[in-house]
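Biologist: I have a model open and want to learn how to read it. Where do we begin?

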Amino acid sequence: MTLSIPVTGDLATMAADVLARVRERRPRVHCITNAVAQNFTANMLLAAGAVPSMTITPDEVVDFVAGAAALLVNLGTLDPQRRAAIDIAVETAIDEGVPWVLDPVFVDRSPPRSDYAGALVQRKPSVIRLNRAEFRALAGFDAEGGALAGYAVDNLTAVGLTGEIDFVTDGTRLAVIENGHALMGRVTAMGCAGSALIAACLAVENDAWAATTAALITLGVAGEVAAAAAQGPGSFAAAILDALYALDGATLIDRARVA
Amino acid sequence: MTLSIPVTGDLATMAADVLARVRERRPRVHCITNAVAQNFTANMLLAAGAVPSMTITPDEVVDFVAGAAALLVNLGTLDPQRRAAIDIAVETAIDEGVPWVLDPVFVDRSPPRSDYAGALVQRKPSVIRLNRAEFRALAGFDAEGGALAGYAVDNLTAVGLTGEIDFVTDGTRLAVIENGHALMGRVTAMGCAGSALIAACLAVENDAWAATTAALITLGVAGEVAAAAAQGPGSFAAAILDALYALDGATLIDRARVA
Amino acid sequence: MTLSIPVTGDLATMAADVLARVRERRPRVHCITNAVAQNFTANMLLAAGAVPSMTITPDEVVDFVAGAAALLVNLGTLDPQRRAAIDIAVETAIDEGVPWVLDPVFVDRSPPRSDYAGALVQRKPSVIRLNRAEFRALAGFDAEGGALAGYAVDNLTAVGLTGEIDFVTDGTRLAVIENGHALMGRVTAMGCAGSALIAACLAVENDAWAATTAALITLGVAGEVAAAAAQGPGSFAAAILDALYALDGATLIDRARVA
């Protein structure tokens, strides 16, 4: 399989355009996410211009998901109530045509969670965002060479593999993003909030690969801007929200390191 | 109905006095609030000088509410466990004479939640704090002209309607508060934390209308002070806690814009 | 009973050494902690160099605890699900030889919680971290004179009694720590996060008394450094994470006030 690799300028400009649309349309994003991540995720979405909701109550999830422009399903702190909520939420998203992002947090640490994540992949999330260890646990093989693209094709999804370098593929296209900062790994729920940002982009951009690429470029650049203002992980967590809120298109395009 | 409109200076001075009492008495405030808001709400109460507790466990709620000087009931992330806890907490508050605040978050987004909120209003909360969309969903009509005051009278409660301008009425008195800052809308749980601050004021001030007015003036002024120190919503969330903690009576009175 | 009181320099150097080991080994610490504390606790552990996990789902807890180097059991917001998770987690920790810390939050406020905490003490946590009011509720007597040491001996545990001055004893040794800052009492979950830091130290230091002493010295010094940079409790919460992240051994040794 040959992957087409877009020109950097195109992707950076596309990211700026997607971010502008999020700010203009202020999409509702419903998040079923773990207890540790809820507050930071909501603040990340608000900083980007989206409107978050977070309920996991069975009899409310249908209304919230049906009224949202995108859904995030994050498997952290996966208690029975969250699991029930996820089943209803995904069902509703599929019925209503709401795009959704799967974030299979820590599937490498818990076999029951890995099994459940595998079943969710069968329901065809628009995007799966995960790290290398989580990919290995979910796919059953390493994300090397063409394996990532093959997994995307086989599962009809876009995959955002994050780490020091982020890779985004839908099987035919590949984006390689070098933005970001080491302090992002020292703030809890940074990856979870990144997945929420993907959902916000997906709410205004139908091309799941483009939405994922835009979100990860944006988060990485915000992280770099924040690191310059931060004294450590505590001030960095606030600074990345400030940076995302204030990020202008020109800075985003100028700082994007994507191929 | 004629509403008496107090003199600005009186209300600002009253707010400073109520805040001083919170700091001096350090009232316990029990909060049944949503998962997204718990941490920020607890920090808001601590910054004000109150002592928060947050458990929603059925067999503990009675002791915590009975030992508190005020109760907050917030309907965000309204799962079955929170609902059970709210029923017990409100029952206890009524039995023990503990004043309570109802914050019907997002009742405009979820019909089951709206029904439940309506039933809680029947139990006569001391204060209801909500925004315009939530009021419409709860009351069944817009908060225009005398409608807000009529609703307060009919339900024997004080209503704090927050937005760019805040209105507080108990049906006979009206306060109009113009303090606040746009960044307050970009931090999750800011409204929820505001309701907790109302509860803290209610713990030291029996007049529910005065307590609500005091809390909303205080929060609005703290928001303005914080905005001057903040670079965006992340640093603003920290700065408003700093500002509330450090707010002196003279600044509060000087900056209050209330009629 | 005679308590041996170590030389200050020894304990400060020991604390610096334990912190260095946490940073080098990056131990996994599983936390069953209250909803208010989860995010701040995870960020505290990440700032220290440890790797937190937080799930309370019954069928996942075994894998997470068995794979962790230490366990924190915190009784805040003690709902039935957390209680079930704690039972499984403690069982697993005992079976697998994972050291664990008990933080009996607010046992002075809730008789059912106090009863449950008493039963957990019977299962011999490596460390109990609590304040004076919680100690009184749990032990049934005040932590005066030899009472604290007697309690530690009777229950075969190390006790970290925190307050303006912290006391750590295992019945034969006593550390008295005077580090810390008043703003630590104005940030929710500071004590909870301190207990998590004890767990992180316990993951790399078998001597529970030494691990507890190291953690409390480290947190106290970080709090002092943070206070110098903070404008109030909001910025302080971020600054203490920054300070912990950046704390070098020389500063720790220089600022430690321990006997």
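**Reading the B–C interface**

Modeller: Begin with the contact between two chains: 23 residues of chain B touch 24 residues of chain C. Keep in mind that this is a predicted model.

Biologist: How much area do chain B and chain C bury between them?

Modeller: About 2,100 Å², with 55% of it on carbon and sulfur atoms. On the chain B side, B:Phe64, B:Asp242 and B:Tyr245 lose the most area to chain C. Together they make up 24% of what that side buries.

Biologist: Next, charges. How many salt bridges does the rule find across the interface of chain B and chain C?

Modeller: The rule asks for a side-chain nitrogen of Lys or Arg within 4 Å of a carboxyl oxygen of Asp or Glu. Across this interface it finds 1 salt bridge. B:Glu60 pairs with C:Arg113, and their closest N and O atoms are 2.6 Å apart.

Biologist: And how many residue pairs are in polar contact between chain B and chain C?

Modeller: The count is 10, with both residues at pLDDT 80 or more.

Biologist: Which elements give two or more residues to the side of chain B that touches chain C?

Modeller: They are α2 (38-48), β2 (51-53), α3 (58-66) and α10 (233-246) of chain B. The largest share, 6 residues, comes from α2(B). By residue class, that side of chain B divides into 9 nonpolar, 8 polar and 6 charged.

**Reading a sheet**

Biologist: Now the strands. In what order do the 8 strands of the open sheet in chain A stand?

Modeller: Read across the sheet, not along the sequence. In chain A the order is β2-β1-β3-β4-β5-β6-β7-β8, and the pairing is mixed.

Biologist: Why is one side of β2 and of β8 in chain A left without a neighbour in the sheet?

Modeller: β2 (51-53) and β8 (174-177) of chain A stand at the edges with a single partner strand each, so one side of each has no neighbour there. From one strand to the next, the twist averages 15°.

Biologist: Show me one pair of strands from that sheet.

Modeller: Take β5 (residues 127-131) and β6 (residues 158-162) of chain A, which run parallel and are joined by 5 bridges. Within that pair, A:Val127 has A:Ala158 of β6(A) as its bridge partner. Helix α6 (residues 132-139) of chain A packs on the sheet and touches β5, β6 and β7 (166-169) of chain A. The direction of α6 makes about 120° with that of β5(A).

**Reading hairpins**

Biologist: Through how many residues does a hairpin join β6(B) to β7(B)?

Modeller: Through 3 residues. Strands β6 (residues 158-162) and β7 (residues 166-169) of chain B pair in the antiparallel sense over 3 bridges. B:Leu161 has B:Phe167 as its bridge partner.

Biologist: What follows β7(B)?

Modeller: Another hairpin, formed by β7(B) and β8(B) with 4 residues between them. In its turn, B:Gly171 has a positive phi of about 100°. β7(B) and β8 (residues 174-177) of chain B are antiparallel, with 4 bridges. B:Phe167 appears again here, with B:Val176 as its partner in β8(B).

**Helices on a sheet**

Biologist: Let's finish with chain C. How do β1 and β3 of chain C pair, parallel or antiparallel?

Modeller: Parallel: β1 (residues 28-32) and β3 (residues 70-74) of chain C share 4 bridges. C:His30 stands opposite C:Leu71 in β3(C). Helix α4 (residues 80-96) of chain C packs on the sheet, touching β1, β3 and β4 (100-103). Its direction makes about 150° with that of β3(C).

Technical notes: Residues are numbered from 1 along each chain as its sequence is written. Chains are lettered from A and ligands numbered from 1 in the order in which they are written. This is a predicted model: local features need pLDDT of at least 70, side-chain atom pairs count only at pLDDT 80 or more; totals for chains, interfaces and linings use all residues. Side-chain values use heavy atoms; hydrogens and water are left out. Two strands pair if DSSP finds at least two bridges between them. Axes are lines fitted to C-alpha atoms, for helices over the stretch in contact, and angles run from 0 to 180 degrees between N-to-C directions. Contact means heavy atoms within 4.5 Å. Buried area is the accessible area (1.4 Å probe) that two parts lose on being put together, summed over both. A polar contact is a pair of N or O atoms within 3.5 Å; within protein, one must be able to donate a hydrogen and the other to accept it, and residues adjacent in sequence count only if both atoms are side-chain atoms. Ala, Val, Leu, Ile, Met, Phe, Trp, Tyr, Cys and Pro count as nonpolar, Asp, Glu, Lys and Arg as charged, and the others, Gly among them, as polar.
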